[in-house]
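Here are some friendly notes to read alongside the structure. Please keep the 3D view open and turn it as you go through the points.

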Amino acid sequence: MAEIIPVPWPVSGLAPGDDAESEQIRVAADAIRRGLLVAIPTDTFFCIVADPFNLSAVERVFQAKSRAWDRSLPIFVESVDQAAEVSRHLGSRFFLLAHRYWPGPLSIIVAAGSAIPLKATGKTGRLAMRQTASPVARQLLGLAGMPLIGTSANISGHPACESAEQVQATLGSDVALILDSALPETSVATTVDLTPHRWRLIREGAIPEEELLEFLGE
């Protein structure tokens, strides 16, 4: 079963390397570099994080979640610049949304760049990216030095896990480590698809459709 590692941090005010407890994050980053799966608390429930460039790790994520192989795996990015490195044809709407809502509960679907393995995109060539506001995730992204798969810690179609114990019961045989820290008030991330000529809402969450319509227009 997965090892649960407490990370006794506040939910805000962290930067990579600032806190003594970053040793727990270093352990998690090392596990990810070795192709293992790690579960962490985020601003949208617990998520599985893994190396998107490691095909074995990508396959493990699909298998752990019983996720359909033709569904792209979401990606956490550390910054807008990092998002640009793993995608292509980013238009003005992407930068407007990213600068307005990141870090935060907004996933933006764009065309994946050649750096991201096609397998990680479910062979769709598309990628859902998000800069999370989670201090644990942001510290981990900084220490890992790369974008990370960031998908809900659950079996596909089932509710997302809200505690380390729920992750252990659901995915304990598939993830190597579970970082355990108090979740902030969680919410579902809104997802916007920018791959068509016109943007479209895929899932409404913390950011309502009305707000996006006012911000982006029709």
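**Notes on the chain, point by point**

1. Let us begin in a loop: H89 sits between β5 (87–88) and α4. Helices here are DSSP runs of H or I with at least four residues, strands are runs of E with at least two, and both are numbered from the N terminus. Phi of H89 is near 55 degrees, a positive value in a residue other than glycine. With 70% relative accessibility, H89 counts as exposed; the cut-offs are under 20% relative accessible area for buried, over 50% for exposed and partly exposed in between, with a 1.4 Å probe and protein chains only.

2. Before going further, a word on what you are looking at. This is a predicted model, in which local features need pLDDT of at least 70 and side-chain atom pairs count only at pLDDT 80 or more, while totals for chains, interfaces and linings use all residues. Residues are numbered from 1 along each chain as its sequence is written, and side-chain values use heavy atoms, with hydrogens and water left out.

3. S66 also has a positive phi without being glycine, near 55 degrees. You will find S66 in the loop between α2 and β4 (75–76). S66 counts as exposed because its relative accessibility is 52%.

4. Now for the whole chain, which has 7 helices and 11 strands. A compact globule of 218 residues would have a radius of gyration near 17 Å, and the 16 Å of this chain agrees with that. That radius is taken over C-alpha atoms, and the globule rule is 2.2 Å times the number of residues to the power 0.38. The C-alpha trace spans about 45 × 35 × 30 Å along its principal axes, and 50% of the 218 residues count as buried.

5. Contact means heavy atoms within 4.5 Å. Among the contacts in the chain with a separation of 6 or more, 67% are between residues 24 or more positions apart. F46 gives a pair to look up: F46 and S152 are 106 residues apart in sequence, yet 6.1 Å apart in space, C-alpha to C-alpha. F46 belongs to strand β3 and is buried, with a relative accessible area of 1%.

6. Next, look at I149 in strand β8. Is I149 buried or exposed? I149 is buried, as its relative accessible area is 0%. V49 is 100 residues away from I149 in sequence and 5.0 Å away in space, C-alpha to C-alpha. Leaving aside neighbours within four places in sequence, the contacts of I149 include I48, V49, V58, V61 and I75.

7. Helix α1 (residues 22–33) is a nice one to check with a ruler. Its 12 residues should span 16 Å at 1.5 Å a residue, and its end C-alpha atoms are indeed 16 Å apart; the expected span is 1.5 Å times one less than the number of residues. The buried residues of α1 include S22, I25, A29 and I32. The buried set covers an arc of only 165 degrees around the axis, which puts these residues on the same side of α1; the arc is that of the directions from the helix axis to the C-beta atoms. Among the elements covering them are β1 (3–6), β2 (38–42) and α5 (135–144). Just after α1, G35 takes a positive phi of about 85 degrees.

8. Which residues of α2 are buried? They are A57, V58, V61, F62, A64 and K65. These fall within an arc of 165 degrees seen down the axis of α2, so they line one face of the helix. Their cover includes β3, β8 and α6.

9. In soluble globular proteins, nonpolar side chains tend to be buried together. A nonpolar core here is a set of buried Ala, Val, Leu, Ile, Met, Phe, Trp, Tyr and Cys residues joined through side-chain atoms within 4.5 Å. The largest one has 44 residues, and F94, L97, W102, I108 and M129 touch the most other members. Its largest share, 5 residues, comes from α2. Another core, of 21 residues, lies apart from it, with I5, C47, L148 and L179 among its members.

10. Finally, find the cis peptide bond joining W102 and P103, where omega is about -10 degrees. P103 lies in the loop between α4 and β6.
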